[in-house]
Amino acid sequence: MRMFLVSAALASTALATLMGASAASADSISENVVVTATRTDQPALVTGESISVIPDSELKTLQIVPLTDALALTPGLTVNRTGPIGQPATISIRGAETGQTLVLIDGVRINDPSATDEGAILGDVLVNNISRVEVLRGPQSTLYGSDAIGGVVNIITQRGGAEPFALNASAEGGSLDTYHVAAGANGTVDGVEYGAGANFYHTNGVSAADARNGNPETDGYTNLGLSGNVRIPLGSWANLDLRGYYTRARDDFDDNSGFVPPYLAADSFAYNTNRLAAGYAGLNFDVFNGMLKNRVAVIATDSNREFYDSYYDFGVHMKDDQDKGSGLRFEYQGIADLSPDDQLTFGAESQRLNFTSDVFGFFGSHADGHATINSLYAQYQKTLFDTVTLTGGVRYDHNSQFGSRTSVKLAGAWKVTDTTTLHANYGDGFKAPSLYEQFSQYNDPDGPLHPETARGWEVGGDQAFWDGRMHATLAWFERNTRNLIDFESCFAVVLPPECTGATLAAGGFYFNVGKSRARGLEAGLSMQFTDTLSGQLNYTNMTSVNTTPGDPLDGFALTRRPHIQDSAMLTWTPWTAWSFSASVLHVGSRVDQYDTSTAPPTVFVDKAYTLANLYGSWAINSQFSLYGRVENLFGQRYEPELGYGATGRTFFVGVRVTE
């Protein structure tokens, strides 16, 4: 909270100083057109949803490499990473579990069917050739089905343009023997729109286990990423979309740990290799003079994650574990523009997910499983009196493992004046247990797991000030979740009664823990002080607790969800060729884990931390520019999660080429 108040005070002082300055009106968020909230192009303010847009200009200004660094600056979203860049990274939107957020790249789901909770392997998603990122908060199961209880992150890459060829390439290097090369190109040739990107990143890194705890061994990271996006016209009424995404990465990590709470990580020579490939082929066609727009698509994903050289191996250069996942998805979507004020969106989807897990060595095991989900959905949007937009939706899912579920969504936005908009929405949804949770050696000994279900609502408003140069957003939200799935360790001092036989040998099991509630306040402020100076402030105050009656942790906070998180950004462009920026991220203290063998439970806490970064760039000419940054400016020593280390102060310089 202190960090936010300081940032707000600085911003207020600057605003008071610059009130008399003349400047052109800044673009307001009301002019943002988004696609994620309704799966159709809509002005952000009429969707009734809380949505943040991260444009490519911001990604370039802040010289973002891992996408999670940009996501961490958005309200309501928390990033957790077990160490420095390349280590496993997860996100939580409004206190939701990791696997309850859907991640898309150009409409392709990159949530990994072989991951523990089917969450996206976000640590391997680097920024390259991105047009913008949309972060939609709150339950979204009506349009997106399972995996969207918390929200949706939609990554949209560059495609097309006024010129046949536009190039954006960069090369940088810096601390920890780090180097990163990236290139993206997009354009339009004879009506064919295309975009493509490639990047390669390597760093020797620092120890994943905190070096201050006696862990000197460094853990490096290497990443290769490719993406492509082509739209081919097939006459005036149809076109073909082809999209692809590929990433291959290796990350060294530390899987050694203590045997008593809090089980602090320690050095080992373990490493992972992660590969993910995804492809999309879609046909878009219009009928009835464009009144009905149709899309038919097939989407395929394939993942392979391998784990080597565990600290607990009986030899060296051993493969300890291999998890494979694949998905095949068919989609149809129709958009009927019934009138200028009435739009109906409807569709059908069918998806099959497959999972295989092999654990090698003395306690080896094999597991595999699959699930099929068939879905129907419809959404109706109505505008009244040119000021009120109402949206309602319903979805029916049939899961081969868990039967049928119905989800609903209601949203409304009221444009009170040209500068004031109020909105509210309600949504519910469910998250089926992941294939790993169902079929691995860690399945529940008490019987099949139940799907997680959630109900959430929010009310909020958007207000423009100072002729559109200042824009404020405010939202109050709440979500109640049932049948949360958690992992019970069989390494505890006092073992649960279920820790016998297979669960004891496996080291634990998944189970439905009960209920939770997350509620809080999100606030944002964007400011264009002058033609050359702009800033942003974001603030989240959230409480997320276990609400299971009779549970030892009833009333206790959920782990790794900070109560307070805020960020600030300031950009100054004193001359056309020069740009300077700064960002500050404050993450409040949060519970890391509990030891329930004591009464009351022992609480282990991740301490609060504040990170400041500086950025600068100089455009030599229209094609070449130099840039540099200092990350963790004040050398903050902190643990992103208990027992794990983080990078200290680092320096990077690079060159960017545009054509």
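**A walk from one tryptophan through the sheets and salt bridges**

Let's start with tryptophan 578, which is partly exposed, with a relative accessible area of 33%. Keep in mind as we go that this is a predicted model. Tryptophan 578 sits in strand 30, and it has company: together with Trp572, Trp575, Phe580, Trp618, Ile620, Phe624 and Leu626, Trp578 makes a nonpolar surface patch of about 790 Å². Two elements, strand 30 (578–587) and strand 34 (624–631), give two or more residues to that patch.

Now jump back towards the start of the chain. Here five strands form an open sheet, running in the order 3-8-9-6-7 with mixed pairing. At the edges you'll find strand 3 (50–55) and strand 7 (108–109), each of which pairs on one side only. For strand 3, the neighbour is strand 8 (residues 130–137), and the two run antiparallel over six bridges. If you want a spot to check on screen, valine 53 stands opposite glutamate 134 in strand 8.

Further along come some bigger bridge counts. Strand 14 (residues 238–252) pairs with strand 17 (residues 271–287) in the antiparallel sense over 15 bridges, with aspartate 252 opposite tyrosine 271. Strand 17 also pairs with strand 18 (residues 292–308), again antiparallel, over 17 bridges. One of the matched pairs there is leucine 283 with valine 296. Strands 17 and 18 form a hairpin with four residues between them, and phenylalanine 288 in the turn has a positive phi of about 55 degrees.

On to the charged side chains: the structure holds 30 salt bridges. In one of them, arginine 212 meets aspartate 210 at 3.0 Å, N to O. Are these partners buried or exposed? Arginine 212 is partly exposed at 46% relative accessibility, while aspartate 210 is buried at 3%.

Another salt bridge joins arginine 395 and aspartate 397 at 3.1 Å, N to O, and here both residues are buried. Arg395 and Asp397 also belong to a network of salt bridges that links them with Arg39, Arg295, Arg329, Glu331 and Glu349.

Finally, look at aspartate 592 and arginine 560, whose side chains meet at 3.2 Å, N to O. Aspartate 592 lies in strand 31 (residues 590–595) and arginine 560 in the loop between strand 28 (533–546) and strand 29 (564–572), so this salt bridge ties together parts that are 32 residues apart in sequence. Aspartate 592 counts as buried at 3% relative accessibility, whereas arginine 560, at 27%, counts as partly exposed.

Note on methods. Residues numbered from 1 in each chain as written. Predicted model: local features only at pLDDT ≥ 70, side-chain atom pairs only at ≥ 80, totals over all residues. Heavy atoms only, no water. Pairing = 2+ DSSP bridges. Patch = residues over 30% accessible without salt bridge, like charges linked within 9 Å, V, L, I, M, F, W, Y side chains within 5 Å. Areas by Shrake-Rupley, 256 points an atom, 1.4 Å probe, with all protein chains shown as cover. Salt bridge = Lys/Arg side-chain N within 4 Å of Asp/Glu carboxyl O. Buried < 20%, exposed > 50% of the residue type's maximum accessible area, 1.4 Å probe, protein only.
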